[in-house]
Amino acid sequence: MNTETIKQLNIFILGIAFMFLFTAFQTCGNIAQTVITNLNHTDFHGSGYTSMAVIYGVFSASNLISPSVVAMVGPQFSMFFGGIFYSIYIGMFIQPSTGTFYTASVFLGIAAAILWTAQGNCLTINSNADTIGRNSGIFWALLQFSLFFGNLYIYFAWQGKTYISESDRRTVFIALTVISLVGTVLFFLIRTTDDSRSEETDVSAADDSVEHTSGRSLTTRAVDAFKRSISLCWTKEILLLGITTAYTGLELTFFTGVYGTCIGAVNKFGTEEKSLIGLSGIFIGIGEILGGGIFGLLSKNNRFGRNPVVMLGIVVHFVAFYLIFYNLPNDAPIASMKGTDSIAYMEPSKEVAIFCSFLLGLGDSCFNTQLLSILGFLYAEDSAPAFAIFKFIQSVCAAIAFFYSNYLLLQWQLLIMVVVGFFGTISFFTVEWDAPAFVAKSTEYSSI
């Protein structure tokens, strides 16, 4: 089997492993607040929003050290380590306690930073300038199948239920824990090629001989990776892409944690309100899969670059935000276990709510596939620090959004995303226009 075939196979394995892992985790995140609301009359007292804020807060801080971990143990073992802690967090819901809940949230934040930095590194070392766009799309489409399978089960299992029993909860979370462990084990099927080995360790070509002759330690490599991450933070390209990344963090929080909760809180939807959470997740997944598949296939022959895809993403999201504002009551994100009987500017429509789920997924795929693509294109020679910064900014903003989701009405959450999304789109355009010159300059410098 030639090198290119192995690399392509690695991308598919990477995507399938993440599909299993995040079938479990994203379904967990989608239903967590609803499950916890039903638990809060027991000895358990916690908040799904607060847990996610803790996860993404720790996630953001841990991105400062994650390139060092990946440099020491490699992307494969880093992803396996991360997957184990995802499984522990999901398994906690089988028999939850408040202390275990928040402790698991802290450890998951650390593991998530390592997992996603390793994923970006693995994606890049198995791609080149010609295939990074296609491979980003393939990975994203496979990953987003995770929103389909778990939520399909939730839709049918919880149909007609207004209360989630202990038996219902345990059945769901035992199954999700097993699924996440399957995804974790799949990381060991990723094979290392000769040239990907050299890319993975190639901080600079000249360092290779120095490393062998001086016995350069793993600690030194870790420190160097940390220094590169810090220095990269202040470059113009990263600062501009940081605004776009910040927007993806805010909308990630909204469609993974807030929007499903809003739908489940609307009493006007009747006995289907809980099962609609699952259906919403399915249609978010369909939007993600469609976007990832199309943009992955078209990237090879795309003459116009990444900007039209990002423009499509922001337009689709603005349409979704307007319809959500019109369809769902403002107090839906912070409603009690009894839900809300309020009405927005129209009688709440299940069809409009589910259509907005599809738009949220499609728009998110536009932004994330293009961000993965441009980071892999700009920083092909040293990808781990760039992807760590990307996840650092995204997770900080996701943590902030999960925190204010406990308090802000729906209209203010939507307004924040509109403002940040507008400026994030402009900043992405700026980087994309300058990307070829940046890469040419970097290539000239590295060849000196």
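The following dialogue examines how several terms apply to this predicted model.

Visitor: What do the values rest on?

Guide: This is a predicted model, in which local features need pLDDT of at least 70 and side-chain atom pairs count only at pLDDT 80 or more, while totals for chains, interfaces and linings use all residues. Residues are numbered from 1 along each chain as its sequence is written, and side-chain values use heavy atoms, with hydrogens and water left out.

Visitor: How many helices and strands does the protein have?

Guide: The protein has 16 helices and zero strands. Both are DSSP runs numbered from the N terminus: helices are H or I with at least four residues, strands E with at least two.

Visitor: Why is the aromatic pair of Phe 18 and Phe 139 called edge-to-face?

Guide: Rings of Phe, Tyr and Trp (its six-membered ring) pair if their centres lie within 6.5 Å; planes under 30 degrees apart are stacked, over 60 edge-to-face, and the rest tilted. For Phe 18 and Phe 139, the centres are 5.3 Å apart and the planes meet at 75 degrees, so the pair is edge-to-face. The structure holds 29 aromatic pairs.

Visitor: What does the pair of Phe 18 and Phe 139 tie together?

Guide: Phe 18 lies in helix 1 (residues 3–39) and Phe 139 in helix 5 (residues 132–144), so the pair ties together parts 121 residues apart in sequence. Both residues also belong to a cluster linked by ring pairs, whose members include Phe 22, Tyr 86 and Trp 116.

Visitor: Why does Phe 18 count as buried, and Phe 422 as partly exposed?

Guide: Buried means under 20% relative accessible area, exposed over 50%, and partly exposed in between (1.4 Å probe, protein chains only). Phe 18 has 0%, so this residue is buried. Phe 139 is likewise buried at 0%. Phe 422, in helix 16, has 46% and is therefore partly exposed.

Visitor: What makes the charged end of Lys 391 sit over the ring of Trp 116?

Guide: The term requires NZ of Lys or CZ of Arg within 6 Å of the ring centre and within 35 degrees of the ring normal. The charged end of Lys 391 is 4.0 Å from the centre of the Trp 116 ring, which means that the distance criterion is met.

Visitor: Which residues does Ser 365 touch?

Guide: Not counting residues up to four places away in sequence, Ser 365 touches Trp 140, Gly 287, Glu 288, Gly 291, Gly 292 and Phe 295; contact means heavy atoms within 4.5 Å. Ser 365 lies in helix 14 (residues 350–378) and is buried at 0%.
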